[in-house]
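Please open the model in your viewer and keep the sequence panel beside it. This tour moves from one selection to the next, and at each stop it says what can be found there.

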Amino acid sequence: METRVALIGIIVENTDYIESVNYLLHKYSKYIIGRMGIPYKEKEIHVISVVIDAPQDAINALTGKLGRIAGISAKTVYHNVK
């Protein structure tokens, strides 16, 4: 199956739902190359970047599920080469 490399940027505005984020990231962990989280205390948010190598459908599903969690924003940037 063909895969793509992508970066998923996640902004956590409500830490009450961080367990849901971690659950989804664990569920897709076989595709995750790396992950970095940075707390931004001055703005009371957390920024998480996830590098993933997965089929297009899996990337879209993960980003969509993350974006549906209250207080969470998620956007994806794709590598251009398939």
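## Starting at Arg4

In this predicted model, begin by selecting Arg4 together with His79, where you will find that the side chain of Arg4 reaches the backbone oxygen of His79 at 2.9 Å. Arg4 belongs to strand E1, which covers residues 4-12. Now add Gln56 to the selection, since a polar contact of 2.8 Å joins the side chains of Arg4 and Gln56. If you also show Pro55, you can see that its C-alpha atom and that of Arg4 are separated by 6.0 Å, although the two residues are 51 residues apart along the chain.

Is Arg4 buried or exposed? Its relative accessible area is 14%, and because buried means under 20%, Arg4 counts as buried. Select Glu2 next, and look for the charged partner that one might expect: Arg4 has no salt bridge, and Glu2, the nearest side chain of opposite charge, is 6.4 Å away. That separation does not qualify because a salt bridge needs a side-chain nitrogen of Lys or Arg within 4 Å of a carboxyl oxygen of Asp or Glu.

## The whole chain

Zoom out now and colour the protein chain by secondary structure, which comes to 2 helices and 4 strands. Followed from the N terminus on, these elements run in the order β-α-β-β-α-β. The radius of gyration of the chain is 12 Å, close to the 12 Å that the globule rule gives for 82 residues, so the chain is as compact as a globular protein of that length. Turning the view along the principal axes, you can picture a box of roughly 40 × 20 × 15 Å that the C-alpha atoms fill. Of the 82 residues, 28% count as buried.

## Helix H1 and the loop before it

Select Val21, which lies in helix H1, residues 18-27. Val21 has a relative accessibility of 0% and therefore counts as buried. Which distance separates Val21 from Leu66 in space, C-alpha to C-alpha? The answer is 6.5 Å, even though the two are 45 residues apart in sequence.

Move next to Tyr17, which is found in the loop between E1 and H1. With a relative accessibility of 34%, Tyr17 counts as partly exposed. Adding Ile69 shows another pair of this kind, for Tyr17 and Ile69 are 52 residues apart in sequence and 7.2 Å apart in space, C-alpha to C-alpha.

## A nonpolar patch

Switch to a surface view and select Val5, Leu7, Ile33, Val51 and Val77, which form a nonpolar patch on the surface with about 390 Å² of accessible area together. One of these residues, Val77, has its place in strand E4, residues 72-78. Val77 has a relative accessible area of 53%, and so it is exposed.

## Last stop: Glu44

Finally, select Glu44 in the loop between strand E2 (32-40) and strand E3 (45-54). Its relative accessibility is 67%, so Glu44 counts as exposed. If your viewer reports backbone angles, look at phi: most residues other than glycine have a negative phi. Glu44, by contrast, has a phi near 55 degrees, which is a positive value in a residue other than glycine.

Key: Residues numbered from 1 in each chain as written. Predicted model: local features only at pLDDT ≥ 70, side-chain atom pairs only at ≥ 80, totals over all residues. Heavy atoms only, no water. Buried < 20%, exposed > 50% of the residue type's maximum accessible area, 1.4 Å probe, protein only. Lys, Arg positive; Asp, Glu negative; His and termini not counted. Polar contact = N/O pair within 3.5 Å; in protein donor to acceptor, adjacent residues only side chain to side chain. Patch = residues over 30% accessible without salt bridge, like charges linked within 9 Å, V, L, I, M, F, W, Y side chains within 5 Å. Areas by Shrake-Rupley, 256 points an atom, 1.4 Å probe, with all protein chains shown as cover. Rg over C-alpha atoms; globule rule 2.2 N^0.38 Å.
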